[in-house]
Amino acid sequence: MSATLQNLVNQPYKHGFVTSIESDVAPKGLNEDTIRMISAKKKEPEWLLDFRLKSYAAWLKMEEPAWPNVHYPKIDFQAISYYAAPKQKPKLKSMDEVDPELLRTFEKLGVPLHERMALAGVAVDVIFDSVSVTTTYKHKLAEVGIIFCSMSEAVLEHPELVQKYLGTVIPPSDNFYAALNSAVFTDGSFCYIPKGVKCPMDLSTYFRINTEESGQFERTMIIAEEGSSVSYLEGCTAPAFSSNQLHAAVVELVALDNADIKYSTVQNWYAGDENGIGGIYNFVTKRGLAKGVNSRISWTQVETGSAITWKYPSCVLLGDNSVGEFYSVAVTNHYQQADTGTKMIHIGKNTRSTIVSKGISAGHSNNSYRGLVKIAPSATGARNYSQCDSMLVGHQSGAHTFPYIQVANNCSQVEHEASTSKIGEDQLFYFAQRGINAEAAVSMIINGFCKDVFQQLPMEFAVEATALLSFKLEGSVG
Amino acid sequence: MSASGTMNAGYLETLLAGQPHLPASPLAWLNALRAEAVDRVGVLTVPTQRDEEWRFTDISQLTKMSFHPVRTTISLQVADIERFYIEEATTRLVFVDGVYAPQLSSGITDNGVAVVNLEAGFAAHAAAIEPYLGRLTEFSDNVFAALNTAFLHDAALIVVPRDTSVAVPVHLLFIATQKDVVSYPRCLLLAGSGSAVTVVEDYVSLQEDAYFTNAVTEIALVDNARVNHIRVQREGAKAFHIANCAVTVARASNYQSVSVAFGARISRYNLNVQLAEEAECAVDGLALIAGRQLADTHTCIDHAMPNAVSRQMHKCIVGGSAHAVFNGKIKVRQGAQRTDSRQSSRNLLLTGKAHVDTKPQLEIFADDVKCTHGATIGQLDNEEVFYLQSRGLSETAARNMLTYAFGAEIIERMPISSLKLQLEQTVLEQTTVQP
């Protein structure tokens, strides 16, 4: 049986190809001039350049964090190119004007843009490397007053909004990679939902790292005004390169009174080959501020790619009765390393949070859940429920749990549960009895294991995630 | 950083000041061990909250006070300490401020069983002791264990030979009588193959001023041995108590431990248990604190070999503006298949200012294992309170009863009935709120 399983585990990365679009790449290295160059290229206002330079100054004083349970050769930040943009082209109005090469890329990824638009009614803000190339459904969204555009565009067209919220949830000095991102971020998505508006469709962005050796530093921001709601989807694939690529994104969410933000991610970046060579370093800071009363922020992530994943989508529950949720499936195989989890910071009264984390580690990989549940003295009546389950596939892998629970008042309820298990021979035997082969059985068991999380995903993502997991892992028990 | 480093160095020097006057031991290896420990103290610094292992426990107060090694020993009478005696445990070793008090002790030396102080037991057991003493407790990165080892000259020694079971529980009583003194209690328990023994490690105080207890306990279970280890920390209200305990559980042995922390201004207990094949351990703990107390328990259960079983239940009852810390690590090494491990951390906060930091941690490198852990923090269940009220109890009485029961669950697990009664009484007194 092992051989079958081995085969399944060792499926090559399907999305590994390089699109040859001419890129406008900045010389390698980072200094104030690089930042001025990025800012100038993007025609940014003075305050943003200041923000970048201050972040850079803060970054210089910071040390690379060593506490995560991941190991990798030291990153040479001077060997990275901090800006790569497809050659400037006039702004496009319809899909027909998009570079056919680019369209073919999405075709290969199985994400035909127009089909998606037609079938799913999804507006896709396509990020190709660092600059937004086309934005669909923008006009439809504009009708209800929703702003959904690239960050660069937002900086130019809605500077007052960007300036008001940029760095308020994740200050540049928050951590090493957030500071780096604040200094050199190139693009990302910007989303503003006005008061009382329920976003009529799921918003989606496809990120894709394309130029070899170019770190990608996205900056995404979602602001949900009073009484509004939005569901945002983020999906990622990247071509197979042998040298490591750094990805340090920052995502900030702000939910005001009664607002609701749902943020879903499927991440399937290049994870390196079976010997652990290559792959993306995914060092991401994601945080949502549930600022208003009764606001809700929900993170759902399916992490299957990247050589190293290091991210903790967090919720700061400031408003009374606000709700934070975190649903995660993290799969590691070969030599992948993942140190991921969440932070739930309860500050407001009667705040509630739920954490459901499922980790699956196969091959020589290591998968860690690291979470913080902090109940401040002011968070009376707070409630948290956490569940983190790990599944090990093969005896060379590791699963780790580091849950920090800090409670500072006596009228809150915190529960944490964790378990570790494997797919039992008896379970496989049961399936075999019913004529289901090991491959299909494991796929079913794993999908069952992750069900609680997949249920949280929007429909089309759930389908994709199920398929992704099946091809990454199914049958990998021996 | 450098400023605090210098301060630390000065502080450690002060603590080390008494060390050179220790009489040299006739055993060369023991002198070498001490010298090694002194060297380590020279290299290490006092941990701060910047160290992950100490991030919730601020011991800066400890470093602000100057403690000196005991200079004069106080001679106590049986009447002074009788109230600490445990009825069943007639075998008793008493240490006053860390110094052995023979007139108060009643050890055993017969049929190869030894319950004696280390100095008396050296001659007969030197060869048996050497592989364990100072070897089970890793002091290369633990400044408090290194300090204790630097001062190692006497200790409580329990040697139980092969296939022998010691019928009477052994009571190791450490009494603090002087203020501003630092004492270095040390215990070594060697349980031979197929042996069985019950030991009570008990820290008490006759005075309420500040002092510092820095204890190290080492326990080795050879194949098929069974050890019941009870630890009672009821130090004075201003005391500092830092203790390290290392246990190695060999094949098919069984280690049962119940530790309770009631006393001390700041206490810290590190327990490391390493399990070999088919070994079993049950590690339970209770911290019952109030006022401005801080009780910190760090445990590490290391499943080094296959087929071992571990169970852990740690409870904290926190009142006043006290602070409880629990960090329980379960480690399953590569190849330690069919490990079965269960851990639970349950915490009860009695007041709005009380606070708990808990971190149940799993590190697993084997696939065929069953590991679960759980943690809860909260207050009494209103439904339970209501149920008792419906049976005619006042709300206060109902709450008192439930709080008591929460703590008593751990005490219940002790195998000595008189001690159980004594400690249950303490829990009752401390958790009872007058209506």
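Colleague: Hey, which residue does Val414(A) stand opposite in E22(B)?

Modeller: That's Ile377(B). Bear in mind that we're looking at a predicted model.

Colleague: Okay. And in what sense do strand E24 of chain A and E22(B) pair, and over how many bridges?

Modeller: They pair in the antiparallel sense, over seven bridges. E24 of chain A covers residues 413-421, and E22 of chain B runs over 370-378.

Colleague: Zooming out, how many residues does each chain put into the contact?

Modeller: Chain B gives 31 residues and chain A gives 31 residues. On the chain B side, strand E21 (355-364) and strand E22 (370-378) each supply at least two residues.

Colleague: Which element gives the most to the side of chain B that touches chain A?

Modeller: E21(B) does, with ten residues.

Colleague: And how do the residues on that side of chain B divide into nonpolar, polar and charged?

Modeller: You get 13 nonpolar, twelve polar and six charged residues there.

Colleague: Switching topic to the helices. At what angle do H2 and H3 of chain A pack?

Modeller: About 155°, and their axes are 10 Å apart. H2 spans residues 32-41 of chain A, while H3 spans residues 46-61 of chain A.

Colleague: So are H2(A) and H3(A) roughly parallel or roughly antiparallel to each other?

Modeller: Roughly antiparallel. Angles over 145 degrees count that way, and therefore H2(A) and H3(A) get that label.

Colleague: Is their crossing left-handed or right-handed?

Modeller: The crossing of H2(A) and H3(A) is right-handed.

Colleague: Cool, which residues meet there, between H2(A) and H3(A)?

Modeller: From H2(A) you have Glu32(A), Ile35(A), Arg36(A) and Ser39(A). They meet Leu48(A), Leu49(A), Arg52(A), Leu53(A) and Tyr56(A) in H3(A). By class, that contact has five nonpolar residues, one polar and three charged.

Colleague: Last topic, chain B again. What domains does the domain assignment give?

Modeller: Domain 1 is 2-276 and domain 2 is 382-435 in that assignment. The C-alpha centres of these two domains of chain B lie 32 Å apart.

Colleague: How many residues does each domain of chain B bring to the contact?

Modeller: Domain 1 of chain B brings 13 residues and domain 2 of chain B brings ten. On the domain 1 side, strands E10 (196-205), E12 (226-233) and E14 (254-261) of chain B each supply at least two residues.

Colleague: Which of those gives the most?

Modeller: E12(B), with three residues. As for classes, the side of domain 1 that touches domain 2 in chain B has nine nonpolar, two polar and two charged residues.

Methods
Residues numbered from 1 in each chain as written. Chains lettered and ligands numbered in written order. Predicted model: local features only at pLDDT ≥ 70, side-chain atom pairs only at ≥ 80, totals over all residues. Contact = placed C-beta atoms within 7 Å. Helix = DSSP H or I, 4+ residues; strand = E, 2+ residues; numbered from the N terminus. Nonpolar A, V, L, I, M, F, W, Y, C, P; charged D, E, K, R; others polar. Pairing = 2+ DSSP bridges. Axes fitted to C-alpha atoms, helices over the stretch in contact; angles between N-to-C directions. Parallel < 35°, antiparallel > 145°, perpendicular 65-115°, else oblique. Left-handed = near helix turned anticlockwise from the far one by under 90°. Domains from an automatic or database assignment.
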